[in-house]
Amino acid sequence: MITGDKLSEECGVFGIYDLDGGDVADKIFYGLEALQHRGQESCGIAISDTYGDKGNMSVRKGMGLVNEVFRKEDIAPMKGNIGVGHVRYSTTGDTTIDNAQPLVINYIKGTLVLAHNGNLVNTDELKEELAHDGAIFRTTTDSEVIAYHIARARVKTPSVEEAIVSTAGKIKGAYGLVISSPRKLIGVRDPFGLKPLCIGKKDNTYIITSESCALASVGAQFIRDVEPGEIVTVTKDGIQSNKSLCQERKAHCIFEYIYFARLDSKLDGISVYESRLRAGEALADAYPVEADLVAGVPESGVAAAQGYADRSGIPYRQIFHKNSYVGRTFIKPTQEERELGVKIKLSVLDAAVKGKNIVLVDDSIVRGTTIANLIRLLKNAGALSVHVRICSPPFLYPCYYGTDVPSNKQLIASEHSTEEIREYIGADSLGYMQIEDLYKMVPGLQICKACFDNNYPVL
Ligand code: SF4
């Protein structure tokens, strides 16, 4: 499903274990709110108690935002000191409550709870293996396939960690997983590190989650990232690590830095905010222009615009007012309504733009409708020229790892040259980030940039 003129991330995960036995449901709620940008279709929380009966589980899931699905009176009865939460945006599987996570399965060894961010690339083959063994699937997600493989392996292995190691050796693709078994909280990250996952701690409570902003939301300290290919297990004795699946080659999704991740997060040692500043600097070096001011399209274009301003010496100015109380544009289905949605959400500060030559920085162009509308609004308000600078190279190829890059036909760059796009959106000049400059955003990091250059790390 495509939502508006932006790409969508699939999911965010949040797992927590209070070794002192305190209730954790409210912390999961706040953690999921901090991860809301990663998925707005459905969410869920599953809690149990490591001191109670194995398999005694409290689960609630629903369609919608975290604060729509969970009210105070829903959280209060959810008792327990270990739990997993999830926010979802579907790229595989339908948008139904059945596919909402965390997934809870009961099997001979007890209960397994799993929350997944990412997409596998070998789901069909893994599913077929299970189907031949008589498995019946309740959902259409690849996450269920992972959970069943772990459960099946667990029956033949002495510990859930070993079952996870054996399953992780089979699954291919992108995954940040948080799993709870009755007395353990486990985090697993794919060997390329396509999806982010980090560990935090507050007092005697451990957290494993997609982004560090979720740690801050519950007052926890960031400890470290889960290494690509690493499996971390939290038990009452503390935290243990298994690195048997770690490898040299990594491929961190560059789009996390360009757009998905929250500005206050730090992923794999690199601050998202600083990476966006550097994106703006690279754009200023590659595409200098004479202008009166630099502005960013809220929210993800703002830090890059500041970087462009710093490097070019052209002052940064705010030129849009964002109305945060307007409904999200993606729920409006038609193109016309989407365009109207953009107009309602962002209004132009006429006094800031009248008679000005403007550099406008945005994170990406998918169809081009949003940026075309904004340029029209700026020119109607009296802007003399609008020079567009984009923090990503043109989107040309699909993402198989959980990002909703639309089909080629809907990607404006797949059928039009930069000059044609410039003309279509009504810009006076247009500069896309050059592929080699992506490395300047995230110095020292091995990245995935397959949606720009067709070079997939795993297929
Ligand atoms: S293909 Fe693009 S969106 Fe997908 S993981 Fe790679 S960089 Fe990220």
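**Local features of a predicted model**

At 66% relative accessibility, aspartate 203 counts as exposed, and this residue makes a convenient starting point for a tour of the structure, which is a predicted model. Aspartate 203 sits in the loop that links strand S9 (198-202) to strand S10 (205-209). Its backbone deserves a look as well: although aspartate 203 is not a glycine, its phi is positive, at about 50°.

A second aspartate invites comparison. Aspartate 268, which is not a glycine either, also has a positive phi of about 50°. Its place is in the loop between strand S15 (266-267) and strand S16 (270-271). Aspartate 268, however, is buried, because its relative accessible area is 17% and the cut-off for buried is under 20%. Aspartate 203, by contrast, is exposed, as its 66% lies on the other side of the cut-off of over 50%.

Two cis peptide bonds also turn up in loops. One of them runs from glutamine 101 to proline 102, with omega near 5°. Proline 102 belongs to the loop between strand S4 (82-88) and strand S5 (103-107). The other joins proline 298 to glutamate 299, and here omega is about -5°. Glutamate 299 lies in the loop that leads from strand S17 (293-296) to helix H10 (302-312).

The next part of the tour concerns helices. Two packed helices are described by the angle between their axes and the distance between the axes. Helix H4 (residues 123-132) packs with helix H5 (residues 142-156) at an angle of about 45°, and their axes are 10 Å apart. H4 and H5 are therefore oblique to each other, and their crossing is left-handed. On the H4 side, the residues that meet H5 are Thr123, Leu126, Lys127, Glu129 and Leu130, while H5 contributes Asp142, Val145, Tyr148, His149 and Arg152. Sorted by class, this contact of H4 with H5 holds four nonpolar, two polar and four charged residues.

H4 itself has a buried side and an exposed one. Its buried residues are Thr123, Leu126 and Leu130. Viewed down the axis of H4, these buried residues fall within an arc of 75°, so they line one face of the helix. The partner against which the buried residues of H4 pack is H5. On the face of H4 turned away from the buried side, the exposed residues are Asp124, Glu125 and His132. Just after H4 comes glycine 134, whose phi is positive at about 95°.

H5 has a further helical contact, this time with helix H6 (residues 160-168). The axes of H5 and H6 come within 8 Å and cross at roughly 125°. That angle makes H5 oblique to H6, and the crossing of H5 past H6 is right-handed. From H5, the contact is made by Ile146, His149, Ile150, Ala153 and Arg154; from H6, it is made by Val160, Ala163, Ile164, Ser166 and Thr167. The residues of the contact of H5 with H6 divide into six nonpolar, three polar and one charged. His149 of H5 is listed in the contact with H4 and again in the contact with H6.

Several buried residues complete the picture. Threonine 233, found in strand S12 (residues 231-235), has a relative accessible area of 2% and is therefore buried. Residues up to four places away in sequence set aside, threonine 233 touches Glu161, Lys184, Leu185, Ile186, Gly238, Ile239 and Gln240. Serine 275 is located in helix H9 (residues 272-286). With a relative accessible area of 0%, serine 275 is buried too. Beyond its neighbours within four places in sequence, serine 275 is in contact with Tyr257, Ile270, Met441 and Val442.

Towards the start of the chain, glutamate 10 occupies the segment before strand S1 (11-18). Glutamate 10 counts as buried because its relative accessibility is 4%. The C-alpha atom of glutamate 10 is separated by 33 Å from that of aspartate 53, a residue 43 places apart from it along the chain.

Definitions and conventions. Residues are numbered from 1 along each chain as its sequence is written. This is a predicted model: local features need pLDDT of at least 70, side-chain atom pairs count only at pLDDT 80 or more; totals for chains, interfaces and linings use all residues. Side-chain values use heavy atoms; hydrogens and water are left out. Helices (H or I, at least four residues) and strands (E, at least two) are DSSP runs, numbered from the N terminus. Buried means under 20% relative accessible area, exposed over 50%, partly exposed in between (1.4 Å probe, protein chains only). Contact means heavy atoms within 4.5 Å. Axes are lines fitted to C-alpha atoms, for helices over the stretch in contact, and angles run from 0 to 180 degrees between N-to-C directions. Angles under 35 degrees count as roughly parallel, over 145 as roughly antiparallel, 65 to 115 as roughly perpendicular and the rest as oblique. A crossing is left-handed if the near helix is turned anticlockwise from the far one by less than a right angle, and right-handed if clockwise. Ala, Val, Leu, Ile, Met, Phe, Trp, Tyr, Cys and Pro count as nonpolar, Asp, Glu, Lys and Arg as charged, and the others, Gly among them, as polar. The arc is that of the directions from the helix axis to the C-beta atoms.
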